[in-house]
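Here are my notes on this one, in the order I went through it. Have the structure open while you read.

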2 protein chains.
Amino acid sequence: MVMSGRDRPTLENVAQRAGVSRATASRVVNGSTSVAPHIRDKVLSAVEALGYVPNQAARSLVTQRTDSIALVASETASRVFSDDPFFSSIIRGVSLELEAVDKQLVLMMVGPSGPSHDRVERYCTGGHVDGAIIFSMHGADPLPERLSRAGVPVVCNGRLLIQSSVPYVDVDNEDAARAAVRHLLDTGRRRVATIAGPQDMSAGIDRLKGYRAAMQDSGRRSLVAVGDFTRQSGALAMSQLLGDDPQLDAVFAASDAMAEGALRALRQAGRRVPDDVAVVGFDDMDFARDTEPPLTTVRQPITDLGRMAARQVLRMAGGETIEPVLLLPTELVKRESA
Amino acid sequence: MVMSGRDRPTLENVAQRAGVSRATASRVVNGSTSVAPHIRDKVLSAVEALGYVPNQAARSLVTQRTDSIALVASETASRVFSDDPFFSSIIRGVSLELEAVDKQLVLMMVGPSGPSHDRVERYCTGGHVDGAIIFSMHGADPLPERLSRAGVPVVCNGRLLIQSSVPYVDVDNEDAARAAVRHLLDTGRRRVATIAGPQDMSAGIDRLKGYRAAMQDSGRRSLVAVGDFTRQSGALAMSQLLGDDPQLDAVFAASDAMAEGALRALRQAGRRVPDDVAVVGFDDMDFARDTEPPLTTVRQPITDLGRMAARQVLRMAGGETIEPVLLLPTELVKRESA
DNA sequence: CATATTGCAGAGAGCGCTCTCAACCGATTC
DNA sequence: GAATCGGTTGAGAGCGCTCTCTGCAATATG
């Protein structure tokens, strides 16, 4: 067992080599101003010479901070392991933000409640992290509220389904969906259907609500099929919709992946897009540019959502109080499918 | 600043409540056998009552272990943030394996060498993790070798480009590609082209090598275009190929994403698949089932690759010596595109 | 019955670091 | 010349935990 950690230099070593006390060495390492320049230099060159790296565990022990943030994701969330890079983008955003302040990202997958749920809860409340970002929650998951109540700074990515004081970062899904549907209506479409997302996730629920609102506004009947954000479910839903109303001339899909599935189903049913049926998606994933035809879709800034969540949780961990809701803007990107 | 950590119970508290010494409480918490049952129970109920969770920092300080493993990914790697869920699958695999032994996963993105590179190196060699899994390396990245030399247990995901003793987990890309191309040849295709992956990544290089070998074996000329594993690059490469040799009757793409791009380009060029041109991909991503036509492809067990990498690094961290190369099997999945 | 052996609990020494507090020192002021 | 005062540095007390070593019964052995 070759433990490299064994012979790592300690602050004590650095201090000795620089001919100062441990306290002073610590000051230099932590950038305190009140150290005489020539002493500072001596310490720094000792650090350099020995290749000293502070021991995080020792530091955490006294500061009571861990300098790491947990990113908790529902393993079952279709978005996490489905076709689209939603997950990756969120991670990238969080990662960028944490990196900037030299914090670590601890990733935790949580299965459908059970042991892994408890594990995450224990870990986070156990003081192993300075805060947690939770995303892709299904149903009325009690985790955010629990952690929050235990005093752990928590920020959710996406509105919570239960009444809760846990702050979150999201886009205005309802409003964005509404705008998308209105676009369809404004361009002369009469029978607009929707492929909704899972109804146990706020993104799914709110986008459907937006669709309903827009339809109601213009006095039209809703036509809904539910998917789970994946391509396959989108294709399936589209077929159902076509069966329910062969006359439909537009469809709003609550995710680009489902929209692509719909495009495929439409093609197989012999409908032309956008001539016979217009299609609008949601997300503006990379691939939306390359579908046939290119997809008109609602762009949401996924990476920024991650960044913001990180920034918020960092602020909470720093003792600030933050606004409970932070909504980022969306934009309807018009391409050829609608 | 509401520091929840402040009033967390310590082992001392547990010991006091159970009427035993700290040492004994520690034994119980760590599952030592040599504790009398009735004492054990007393301690456990104290733990329960107080909601005690061990302080990882304190524990690490003395054990010199951190119980966490770093997963390092090249942020620039196209596979990480491109259309396919490669990244997610690796993470899932690693995560599953670590969870089983209650270790944490610390995710680190590393940009194209520079500050973030140093940061990762410092962090890992600084004893903050018990080991590191590095994947999606571009070019001859020195990071794996450096960490390894510094005594950090390292396992790479994918063969390294430089001569190195760092162990890795991968599939036999060359062999798999060869088999795929041979399938094309065996089914009567004569002019087989390839869309290769990036030539600064082993997966890209080796798959091209396999293609070349198969072509050479049957005395045919190679026709190569290079992509970067993304859809777009696949479509672009396909157009080039079609320009280079309008007579080609098959193409082997080094990733499913590129294969899908190729399918699209082929369709736009008016070629029928598989009638005019046969297409074979690589990966067997979820979406390969849903392309038009469904994609014949080489399946590689991505999640298992992650699992294995985790398992290996854990073994190294445990002091075992492991086999330097671990290859997982691939399988040609025949669907309709070839 | 004395002694060796075993089984289990407690005492106590740190792990490497931060941070408070006291000490010191040259410089300024009365 | 004594008192005061910013500006620095050092000493030392832990942070919460593990682990070795010691101590002490209870049991087995000669």
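1. A word on terms before the helix pair: axes are lines fitted to C-alpha atoms, for helices over the stretch in contact, and angles run from 0 to 180 degrees between N-to-C directions. Helices (H or I, at least four residues) and strands (E, at least two) are DSSP runs, numbered from the N terminus. Keep in mind that this is a predicted model, where local features need pLDDT of at least 70, side-chain atom pairs count only at pLDDT 80 or more, and totals for chains, interfaces and linings use all residues. Residues are numbered from 1 along each chain as its sequence is written, while chains are lettered from A and ligands numbered from 1 in the order in which they are written.

2. Now look at chain A, where the axes of α11 (residues 231-244) and α12 (residues 256-268) come within 6 Å and cross at roughly 45°. The two helices are therefore oblique to each other (neither under 35 degrees, nor over 145, nor 65 to 115). Their crossing is right-handed, that is, the near helix is turned clockwise from the far one by less than a right angle.

3. What makes up that contact, by class? It has 9 nonpolar, 5 polar and 3 charged residues. Here Ala, Val, Leu, Ile, Met, Phe, Trp, Tyr, Cys and Pro count as nonpolar, Asp, Glu, Lys and Arg as charged, and the others, Gly among them, as polar.

4. On to the DNA. Strand C is surrounded by 26 residues, and the closest are A:Thr10, A:Leu11, A:Ala58, B:Ala23 and B:Ala36 (near means a C-beta atom, placed from the backbone, within 6 Å). Both chains take part: α1 (11-18), α2 (22-29) and α4 (56-63) of chain A, plus α2 (22-29) and α4 (56-63) of chain B, each supply at least two residues. α4(A) gives the most, with 5 residues. By class, this surface has 14 nonpolar, 8 polar and 4 charged residues.

5. Strand D also has 26 residues around it, with A:Ala36, B:Thr10, B:Leu11, B:Ala23 and B:Ala58 coming nearest. The largest share of its surface, 5 residues, comes from α4(B).

6. Which operation superposes chain B on chain A? A rotation of 180° with 0.1 Å of shift along its axis does, at RMSD 0.1 Å (least squares on the C-alpha atoms of residues with pLDDT of at least 70 in both). The two copies are thus related as by a two-fold rotation axis. The same surface serves both: 100% of the contact residues of chain B recur in chain A (contact means C-beta atoms, placed from the backbone, within 7 Å).

How values were computed: Contact = placed C-beta atoms within 7 Å.
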